[in-house]
Every structure is written in structure tokens, then in C-alpha cells.
Amino acid sequence: MTVEAKKETLGFETEVKHLLHLMIHSLYSNKEVFLRELISNASDAADKLRFEALSNGSLYENDSDLKIRLAFDKQARTISVIDNGIGMSRAEVQEHIGTIAKSGTKQFFESLTGNQAKDSELIGQFGVGFYSAFIVAEKVTLITRKAGSTEGVRWESAGEGDYTLETVEKATRGTEIVLHLKADEDEFLDEWRLRSIVKKFSDHISLPIVMDKVVSAVKDDEGNETEAERVEEETINSASALWAKSKEEISDESYNEFYKHVSHDYQDPLTHVHSKVEGTNEYTLLLYVPARAPFDMWDRDAKHGVKLYVRRVFITDDAEQLMPRYLRFIRGVIDADALPLNVSREILQQSKQISAIKAGAVKKVLGLLESMAKDEDGSKYTTFWSIFGTVLKEGVIEDHKNKERVAKLLRFATTHSDAQAQNVSLEDYVSRMQEGQEKIYYVTADSFSAAKNSPHLEIFRKKGIEVLLMSDRVDEWLLSNLTEFDGKHLQSVAKGELDLDKLDSEEEKKELEEKSKDFESVLKQVKEVLGDKVSDVRLSHRLTDSPACLVTEAHDMSLNMARIMKEAGQNLGMFGGNAKPIFELNPTHPLVTKIKEEQDDARFADITSILFDQAILSEGGQLDDPAAFVHKLNGLLQGLMR
């Protein structure tokens, strides 16, 4: 049946033009990356066909022998990559090649480093692998037909801002990409060169990659030809699923190359786990921890890099079925032996076997992280935490079953060293707790500097009690879910009573009691000045250097949390809802002793208001009336100058 020819010329979107400009003008030095990307795309097309054919076997069109063919023509100066995978319709060609996902493209351009070798490796990670063909080609022709369709389409472009689309006849399904090489790219018109690139980058592809091989004529003992010279198809890669091999058969280099294939990353991974789980629910997994954050790591709803296979047939890459969101940085494959192959994705989501596989995979990953954390060197886990620590903290919130295991993997900055690096585990903290100390203390703030310099830490520094310094946005949610560790309650230094009197000497207790009586009338007057801004005014057991601070009740929202909620569009007041802070005064500070002696009520009120506003500012809060604060402060300073 003839198809009606329909040809049109269309322009690339702006992002594609920018990308093509980078490719064509030789920004990238690692040119051989183009072949890896085109072969990877062909492999994906075969995976998609296998999946679609589970419910519609006719898509195979009597050809279920899936493979990728690689060919070159020295005279025509072309390289061809041909697959018999799912193919594309005209609309899909226009969608996938005429445009690029905006978010990925923006991240791609932002990630360029100026290092040509590294930048070339970013191509695959951001889903722009097809365009790498223009690194070596002056023109690219793509001919494709979607499985089950009768209409083929031809796409062609010289990478100069537009492309043509034309309806054509194509006998077989799949895609053929022809690269018309630039004048100085003859090195790729060489059989050995192409084979070596495949061996280097694509040996692990489970689909056969084939090239034609000329077999010499066979001669008998007398020198007569018994068989003429012929051309045979030869598989040039291992063509076996790497994860199906035993660990002893796989080199570190092969593990790393396979990681780069499934993740589109250019760096070797930090570590990996390769395991075959046997029993009633058998499956094999090969999972990797990257050495760099994926560009879409903060997109919690994106599909990520763990793929599910059943007996080496691709089923789904829906990450939520295979890995919880707090482990969304994990890359790799899981291959099950006994899942029903005719199920839909919706049924898979409810499968007990899938749930068991997910639980087993999480167990393996957490075990891998625990091994890294226990390494004597510890540098790998330090690297891991600096990249993925904030994401892993989500595990305490999301994964109740593994909360304790995840909690042991957490790392924090503390007052033990005052260093910004988060390298102290909760187990480390507990091992250093003072005699009589019953709680794990922490402070939250919107930055490390604010946490480190919080006035609430003063008494803890004086007594040598370590405090966790929490400044990641996720920490407030983490701490609402992690209330206890190793039998020790986690206590905010800015909430409720601190119970530090257990660590006080009898002399210190007596001194505080006397001061409370001495300041009784002052506290009452301060409360009258501040009115409904505070729930109470009291002397502080926390402060040694600062004049005042704000404290919340044990179960009230912290100022930092209220600020985060406000940024999210929920203005709940200074401490959330109807909660009001407790105002604490340091009886040893000169400004506090000054108001104790102050006889002028107006001046007393101004000093009180200044101390209160300062306490808000020291918490990282914002004043309702900054001008009034400045006016009162100026008045106080002028009085001192007289």
C-alpha cells in the first residue's frame, strides 16, 4: 500500500537551536559519545516494544528477534544506527526531536562547566543524546515507522535551525539514523574504531549490536574455492544482561560502564550492591549510589533511575513502585523471576510481590550505606552525605519501618567542633553525653551561622554540653518525627524547660532562686509593658552573655518553622497559630540590671521593647515595626551620650 507523501519544513525551538549551536561548533572534545547515545536510545526503543507487546503481541510483526545494527559506508561517508524497536509516529518525531523538555534543557545549560570532556558527558543525562549526532555529522537523516502503523516518516536536518518531515514508505518497524559525516571525521569510517567504541561504552547492552563481517572464500586442499566469499552478521558486544552474570565475572570497569548507561552520568558511582535474592520471591538487583546529584533530584514526582525487568523484559521505571522517594537518587535495575507478565501498571502498584521487592531493595540499599558509614576511612560516606544527606533525612519522615536504621545514618553539625560539616552521628553524640544528661539537645535556624550563634546555646557552651546545629529546611519536619533515639528524648534548646538544674551545683541553684525573688517586680513590670505579645516573662537559665531570648512551650511551633510556613504562604504568626513566646531575661546582663534600677516608666518601656525586638532579630525573625525599634534605640543611645 502506498502512502501519500506529505513533506513540511519546520523550525527548531529556541532551546534546540542553542544546543545545536554548541554541538556543531565543536564545544565538545569527546566525540565518540554520539555512538553511545544513539545505541542507548535504540536499546530503549527495544525495551518499549517488549513492554507494549506484553498486551499486544502483533506489534512484533512476526519479528521478535530484537537487535541494533551498526553500519558504515566509506564512499557515501555515512554511519547508520538501525533498530527494530518500537519506532515513532510523525507526531512523536516532532515532539521528541523538534523540542526538548524545558526544565531539563535549562538545567543542562546551567550545568556546563567549560571542561569539554565533562560537558560532553552531560548530553545523555539531560535527555539530549540524539543531538550529539551533530558533533560529527553535517546532516542527520532519521527514517522511522511505529510498530503497528503502516506509515513511516523521514526526518532530516543539517542542524541549522530547521528540519524537514516527510511521510515515506518503510517496510519494517523501528528507526534508522544515518549520519552524514563532516569532512574531518573520517576516523569513524573504520570498522575497528566503531567496534572499539561499542566495546568501551555499550558492551553491557543486553540487546545484540551487530555489524557485517566479510568471510573469506573457503578453499580445498588443491586451492579450489568450495564456498564463495560472503558477508555474515556478527554480534560485537556481549549482548547479555550484566546483572544476570555472577559477580566474579564482572570487572569494576564493567560495573562502572553499566552505571553510566543506566544513569547517563559521566562519573563513576560511589559504590554499588549486586545481589540475587532467592526464595518464594526471587529477583536480582544491581543498584548504584551516584557520586553526584542527579539534575532532577529535587523533583520528588519525577521518574528516576531504577528499572524493573521480569526475566530481562523491561516492565516499568516508575520509581515509586521500586524505591521510596527518599532514596530517589539510587540508580540501577531490578529483575524479577516470577511476576505475571500480562499485568498492567495499575495492578503492579498493588502487587504484594512488588512490595516485597521494594522492601528488599530498600534493605539492601540501607545495608550498603551502613557499610560505607562504618568504613575506617569514612571518606566515601562523607562525600555521600554532603550530596544526599538532606534527601536521606526524608526517610525518617516517610519510612516508619526503617526509621531507626535511617536515624543511625544521619549526620549533624554540632557545637562539639562548631564546624559547618555535618559529620556527627547520633550514636557519636550519645557516647559523649555528660554524666546525668538525659536528653539530646538541638537548635534549629534558617542558616548554620544563625544556629551556631543562637543565644540559646550559651548555657550549654558554659557547661560543655554538646548541641546539634540544625539548619536544613527539612530539619523541622525531621525533628517532629524523630523525637527519640536510643532511649534519649530529643529536646530543643529553645523550647520548654531545659531541666539543666540537674547538672547545676547547689550554689548555682541557690543563686538563681535568690535572683528570681530579687527580680519579681521587674518581671511583672516587663510583662505589663509587653502585654499580649508574650505568654510569660521569666529569668533565663539559658543565657550567659545575651540580655534576653524568646522561648516557646514544648509543643508549640518554633519561630524557624513558623517562618518556613510563612514562606510557603501560610502566615501563622510569630510562633504559629495563637501561640505566644515566653520572654526570658538574663539577670546578670548590664542592660537587664539597668532596667531593674530604671525609675522612668517611659524609659523602662523603651528598653524593654528594644530587648524584646533584639530577641526576635537574634532568632532570625522580622520586626512588625522596624522604624519604631530604630527610633527607641536611637533615643537610648542619645541618652547615653548626654
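**Exercise 1. Strand order and edges**

Determine the order of strands in the open sheet that contains β22, β23 and β24, and find which strands stand at its edges.

Solution. In this predicted model, the sheet is open and has three strands in the order β22-β24-β23, with mixed pairing. β22 (536-539) and β23 (548-551) each have a single partner strand, so they stand at the edges, and one side of each is left without a neighbour in the sheet. From one strand to the next the twist averages 25°.

**Exercise 2. Sense of pairing**

For each of the pairs β22 with β24 and β23 with β24, state the sense of pairing and how many bridges are found.

Solution. Strands of a sheet pair through backbone hydrogen bonds, in either a parallel or an antiparallel sense. Step one: β22 and β24 (residues 582-585) are parallel, with four bridges. Asp536 stands opposite Ile582 in β24, and the bridge partner of Leu539 in β24 is Leu585. Step two: β23 and β24 run antiparallel and are joined by four bridges. Here Ala548 has Leu585 of β24 as its bridge partner.

**Exercise 3. The two faces of β24**

Sort Ile582, Phe583, Glu584 and Leu585 by the way they point from β24, and say whether they are buried or exposed.

Solution. In a regular strand, side chains alternate between the two faces of the sheet. Ile582 and Glu584 point one way from β24, while Phe583 and Leu585 point the other way. All of these residues are buried. A helix also meets this sheet: α22 lies across β23 and β24, at about 60° to β23.

**Exercise 4. Packing of α19 and α22**

Describe how helix α19 packs with helix α22, and list the residues in contact.

Solution. A packed pair of helices is described by the angle between the two axes and the distance between them. For α19 (residues 520-530) and α22 (residues 601-618), the angle is about 80° and the axes are 10 Å apart. α19 is therefore roughly perpendicular to α22. On the α19 side, the contact is made by Val522, Gln525, Val526, Val529 and Leu530; on the α22 side, by Asp601, Phe604, Ala605, Thr608, Ser609 and Phe612. Sorted by class, the contact of α19 with α22 comprises seven nonpolar, three polar and one charged residues.

**Exercise 5. Arg542**

Locate Arg542, decide whether this residue is buried or exposed, and find which backbone oxygen its side chain reaches.

Solution. Arg542 is in the loop between β22 and β23. Its relative accessibility is 2%, so Arg542 counts as buried. The side chain of Arg542 reaches the backbone oxygen of Lys495 at 3.5 Å. Not counting residues up to four places away in sequence, the residues that Arg542 touches include Pro455, His456, Val493, Lys495, Cys549, Val551 and Glu584.

**Exercise 6. Arg145**

Carry out an analysis of Arg145: which strand holds this residue, and which backbone oxygens lie by its side chain?

Solution. Arg145 lies in strand β4 (residues 137-145). Because its relative accessibility is 5%, Arg145 counts as buried. Its side chain reaches the backbone oxygen of Ser149 at 2.5 Å. A polar atom of the Arg145 side chain also lies 3.1 Å from the backbone oxygen of Ala171. Among the residues that Arg145 touches, not counting those up to four places away in sequence, are Glu61, Ile86, Met88, Glu151, Lys170, Ala171 and Arg173.

Note on methods:
Residues are numbered from 1 along each chain as its sequence is written. This is a predicted model: local features need pLDDT of at least 70, side-chain atom pairs count only at pLDDT 80 or more; totals for chains, interfaces and linings use all residues. Side-chain values use heavy atoms; hydrogens and water are left out. Axes are lines fitted to C-alpha atoms, for helices over the stretch in contact, and angles run from 0 to 180 degrees between N-to-C directions. Angles under 35 degrees count as roughly parallel, over 145 as roughly antiparallel, 65 to 115 as roughly perpendicular and the rest as oblique. Contact means heavy atoms within 4.5 Å. Ala, Val, Leu, Ile, Met, Phe, Trp, Tyr, Cys and Pro count as nonpolar, Asp, Glu, Lys and Arg as charged, and the others, Gly among them, as polar. Buried means under 20% relative accessible area, exposed over 50%, partly exposed in between (1.4 Å probe, protein chains only). A polar contact is a pair of N or O atoms within 3.5 Å; within protein, one must be able to donate a hydrogen and the other to accept it, and residues adjacent in sequence count only if both atoms are side-chain atoms. Two strands pair if DSSP finds at least two bridges between them.
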